[in-house]
Amino acid sequence: MVVPDPLTVASGICAAGALLSSWQLGRRAVRAEAEIGRLQAELTAERHAASHDPLTGLPNRRAFYRLAATLLTDRSGCHLIAVVLDLDDFKQINDRYGHAAGDQVLVSVAERLATFAGDNLVARLGGDEFAGLLASPTLDRRWIDHATRRLYDMLAAPIPMGGVTLRVTASVGLAPVHDSQLTEALNRADAAMYEAKALGSGRPGRALRDTAYLAEC
């Protein structure tokens with residue numbers, strides 16, 4: 001019978017132990033990496049939730065002002081136009097069709113507004129009120145007229161909802177941003193929006209411009 005060399009046995013045990021320790025450390029590293037990834041994902045989700053509207057996915061009021069301030073410092077030679085819009089008689093949709101239908105309308109409006117704006121900033125300020133900051137190569141009246149008519153038409157397109165098709169109109173106000181005075185421009189756009197609302201629903205001309213600040217053609 002051959003007796004194993006004690007040193008060989010000890011070396012084998014040490015090697016096996018080292019292999020086991022390495023495997024355990026590897027497992028711990030994998031678990032730690034997974035935990036770090038989970039925590040980073042949760043942090044990203046929390047940051048997104050803090051800056052975005054949970055229903056529409058658009059930036060919320062706080063994020064709108066923060067992002068707008070950044071845009072104002074880097075216009076890249078473009079003019080900026082503040083846009084404020086409010087849906088007409090939105091309460092009647094909730095009352096007649098229920099809040100789920102109202103939510104669906106808000107989501108549809110948000111999607112259409114985002115499509116219209118492209119890479120520009122748009123946000124849901126709250127309720128049925130939305131805002132945007134659009135880059136424009138000019139303040140020419142014809143450009144503004146075309147943009148407002150296109151926005152109105154996009155928002156007024158029928159919204160299919162199960163067996164019902166809804167048509168929603170919006171009152172829109174626009175105002176150019178001068179000297180980085182965003183709050184002033186939003187106030188003027190808001191005032192123009194309320195002027196538009198006073199004209200009555202279903203009229204394409206309700207998207208008013210801040211004509212005192214627009215270039216004559």
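Which residue in E3 is the bridge partner of Leu80? Ala135 takes that role. Please keep in mind while you browse that this is a predicted model.

## Strand E1 and its neighbours

Let's start with strand E1, which covers residues 79-87. Eight of its nine residues are buried, so the strand is mostly covered.

E1 has pairing partners in two other strands. With strand E3 (residues 129-136), the pairing is antiparallel and runs over eight bridges; the Leu80 and Ala135 pair belongs here. With strand E6 (residues 170-176), the pairing is also antiparallel, over seven bridges. There, Val84 of E1 has Gly173 of E6 as its bridge partner.

## Helix H5

Next comes helix H5, made of 16 residues, 141-156. From first C-alpha to last, H5 reaches 22 Å, close to the 22 Å expected at 1.5 Å a residue.

Its buried residues are Ile144, Ala147, Thr148, Leu151, Tyr152, Leu155 and Ala156. Viewed down the helix axis, the buried residues of H5 fall within an arc of 155°, so they line one face of the helix. Arg142 and His146, on the other side of H5, are exposed. What do the buried residues of H5 pack against? They pack against E1, E6 and helix H4 (99-117).

## Ala63 in helix H2

Finally, have a look at Ala63, a residue of helix H2 (residues 61-73). Its relative accessible area is 2%; because that is under 20%, Ala63 counts as buried.

Ala63 can also be placed relative to Ala50: the two are 13 residues apart in sequence, and their C-alpha atoms are 8.6 Å apart in space.

Terms used. Residues are numbered from 1 along each chain as its sequence is written. This is a predicted model: local features need pLDDT of at least 70, side-chain atom pairs count only at pLDDT 80 or more; totals for chains, interfaces and linings use all residues. Side-chain values use heavy atoms; hydrogens and water are left out. Helices (H or I, at least four residues) and strands (E, at least two) are DSSP runs, numbered from the N terminus. Buried means under 20% relative accessible area, exposed over 50%, partly exposed in between (1.4 Å probe, protein chains only). Two strands pair if DSSP finds at least two bridges between them. The expected span of a helix is 1.5 Å times one less than its number of residues. The arc is that of the directions from the helix axis to the C-beta atoms. Contact means heavy atoms within 4.5 Å.
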